[in-house]
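Trainee: I'm new to this one, and I'd like to know how the labels get attached. Can we go through them together?

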Amino acid sequence: MVQIRQRSSVAASNSGGIEDSPEFLPSEKPKSQTYDDFCSTNKLFVLCLAFRFANALLLQTYFNPDEHWQALEVAHRIAFGYGHLTWEWKRGIRSYFHPLPFACLYKLLAILGLDTPLFMIKAPRLLESIFSAAGDFYFYKLSSALFGDYVAKWALFSQLTNWFMFFCFNRTLSNSLETVLTLVSLYYWPCIRVSPTRSSKVSRKMALFMAALSCAIRPTSAITWLYVGMLELFSARDRLRFIFLEAAPIGSLVLGITFLLDRLMYGSWGFTAMLFSFIPFSISGIISSKKWKLTGLVIWVLGVHSLLGHKEFRFVLPILPIALMFSGYSLAALRYPASPNGKREKSRDVHSKCPMKMKLAVIFLLATNIPMGLYMSLVHQRGTEDVMNHLAKEAVSEKVKSILFLMPCHSTPYYSTLHRNLPMRFLDCTPSEETEIPVDSDRFLTNPLDFASEFAKNWTVPSHIVLFESEERPLKDFLKSHSFKEDKRFFHAHFKVDRDLQSSVVLYVLTNQ
């Protein structure tokens, strides 16, 4: 089975189509066609941007602490001088490369007088949506370069309708920006394309720069680029130039900028669940497209991450679009029946009706991914976001004096959402050098009442206490005895994730303040 052929003109269509690889395309286009392509490209980016903007506004749930604690909380501290730094930042393990754009955004909001709770909550994800739209755009360009425009459209359909991309791509996780940089870089790598273009040396430098940036943001991104770099090394004729005049200087430049930034600031597995109903289409696309280099990249990254002790969905987010690209290939192939020699060819009738099997496939994917995406983005684990949004509004009215979080560490957003320099305290979970000593968070979960009773002996009584419903039950009498009453209850989840069911988040307020 050969690649689906791309229609470049009526004559080409009537002759059965031409190969869609770059070297088969005309080297120069008429000015009118170039202008039309430019307008079409702009419209595509605007479409992606509008979709991701809406996506960002629909995200109202909590997914992973790093979205707030390793990005926005750090950015808030840079911009406003207060915000909590976790132990990784205190020990200089993390790089400031990722939080910096959000810090600039916060500073801009402050200058414009727009650092209100609404803008502080929504603006970071709206900024992230611009990055995500760029990722979608380059995903389309990469798909088009490999398979042609028709496949690229179905690949983009797969990307935009996949539930996990909708749920995760617009979050302010370093994995999200890493995914964008991965897509941009893959588009420029000569070894990934069908054949190198005349500007392959320029493209390779851009590819190296984007790859280096992704490593600066997340060092584990090197797993991907080790594979791609080896492909380029074996396929390139100018290997010495690639190593010494491109890879080494560009890598050193980005690394140096990272070191300078950090010096300035510091002063010193579940991939199948992510693919979900796209699995059969991705597998079919892998087999029929025969793009073994990209298939090898997916297998390589999944294989390495499967060997690591700590596994999370988001760690393999950068290769999810690659699998979805294969899904797009498979969907595009549904329109063209196989000829007697096994090849798939485009219909001569460019306006032919969409086959029933393609309609059923699209309906199936939409019916399975849209409900999942909306549920995970609007319903599941939203209580920890809602309680902080509520407290931010209350703080504006000066109804909040101090807050205590009696829940596992990093369960909610922090100063980046509250945006008021008020005393707040959460249960510490900094790793101890003495491994036999449990951290506060673990001690609390083991016996909430004993921990709270001991803790209250030396506390400064807070005006508000936030806790999960599962820990509220054993602490009701304790809270009542210390003059706290329930103020609000926020729905959180229908089912448990990694601990007991945390069905709701409860906010208690001090009655005699």
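Trainee: Why are α6 and α16 called oblique to each other?

Mentor: Start with the angle: helix α6 (residues 117-147) and helix α16 (residues 320-333) cross at roughly 50°, and their axes come within 11 Å. Angles under 35 degrees count as roughly parallel, over 145 as roughly antiparallel, 65 to 115 as roughly perpendicular and the rest as oblique. Roughly 50° falls in "the rest", so α6 and α16 are oblique. The axes are lines fitted to C-alpha atoms, for helices over the stretch in contact, with angles running from 0 to 180 degrees between N-to-C directions. The helices themselves are DSSP runs (H or I, at least four residues), as strands are (E, at least two), numbered from the N terminus.

Before we go on: this is a predicted model, where local features need pLDDT of at least 70 and side-chain atom pairs count only at pLDDT 80 or more, while totals for chains, interfaces and linings use all residues. Residues are numbered from 1 along each chain as its sequence is written, and side-chain values use heavy atoms, leaving out hydrogens and water.

Trainee: Which residues make the contact between α6 and α16?

Mentor: From α6 you have Phe139, Leu142, Ser143, Leu146 and Phe147, and from α16 Pro321, Ile322, Leu324, Met325, Phe326 and Tyr329. Contact here means heavy atoms within 4.5 Å. By class, the α6 and α16 contact has 10 nonpolar residues, 1 polar and no charged. For those classes, Ala, Val, Leu, Ile, Met, Phe, Trp, Tyr, Cys and Pro count as nonpolar, Asp, Glu, Lys and Arg as charged, and the others, Gly among them, as polar.

Trainee: What makes α14 and α16 roughly perpendicular?

Mentor: The axes of α14 (residues 279-289) and α16 cross at roughly 80° and come within 7 Å. That angle sits in the perpendicular range, so the label for α14 and α16 is roughly perpendicular. Among the residues that meet are Phe281 and Ile286 in α14, and Ala323 and Leu331 in α16. The contact of α14 with α16 counts 7 nonpolar, 7 polar and no charged residues.

Trainee: And what is the label for α7 against α16?

Mentor: Helix α7 (residues 149-161) packs on α16 at about 125°, with the axes 7 Å apart. That value is in none of the three named ranges, so α7 is oblique to α16. Tyr150 and Trp154 are among the α7 residues that meet α16, where the partners include Met325 and Tyr329. This contact of α7 with α16 divides into 11 nonpolar, 4 polar and no charged residues.

Trainee: Which residues have the most contacts inside the largest nonpolar core?

Mentor: Phe164, Trp189, Phe271, Leu320 and Met325, in a core of 87 residues. A nonpolar core is a set of buried Ala, Val, Leu, Ile, Met, Phe, Trp, Tyr and Cys residues joined through side-chain atoms within 4.5 Å. Take Phe271: setting aside residues up to four places away in sequence, Phe271 touches Val298, Leu302, Val316, Ile319, Leu320 and Ala323. There is also a second, separate core of 23 residues, including Val387 and Phe468.

Trainee: Is Asn389 called buried or exposed, and why?

Mentor: Buried means under 20% relative accessible area, exposed over 50%, partly exposed in between (1.4 Å probe, protein chains only). Asn389 has 19%, so Asn389 counts as buried. You'll find Asn389 in helix α18 (residues 383-396), and, apart from neighbours within four places in sequence, Asn389 is in contact with Ile121 and Thr417.

Trainee: How do you know which label fits Val461?

Mentor: Val461 comes out at 41%, between the two cut-offs, so Val461 is partly exposed. Val461 lies in the loop between α21 (448-455) and β3 (464-468). Its contacts, leaving aside neighbours within four places in sequence, are Ser402, Phe484 and Leu510.

Trainee: What is there to note about phi of His419?

Mentor: Phi of His419 is near 55°, a positive value in a residue other than glycine. Most residues other than glycine have a negative phi. His419 sits in the loop between α19 (415-418) and β2 (424-426). At 6% relative accessibility, His419 is under the cut-off and therefore buried.

Trainee: And what about Phe276?

Mentor: Phe276 also has a positive phi, near 60°. Phe276 is in the loop between α13 (271-275) and α14, and its relative accessible area of 30% makes Phe276 partly exposed.
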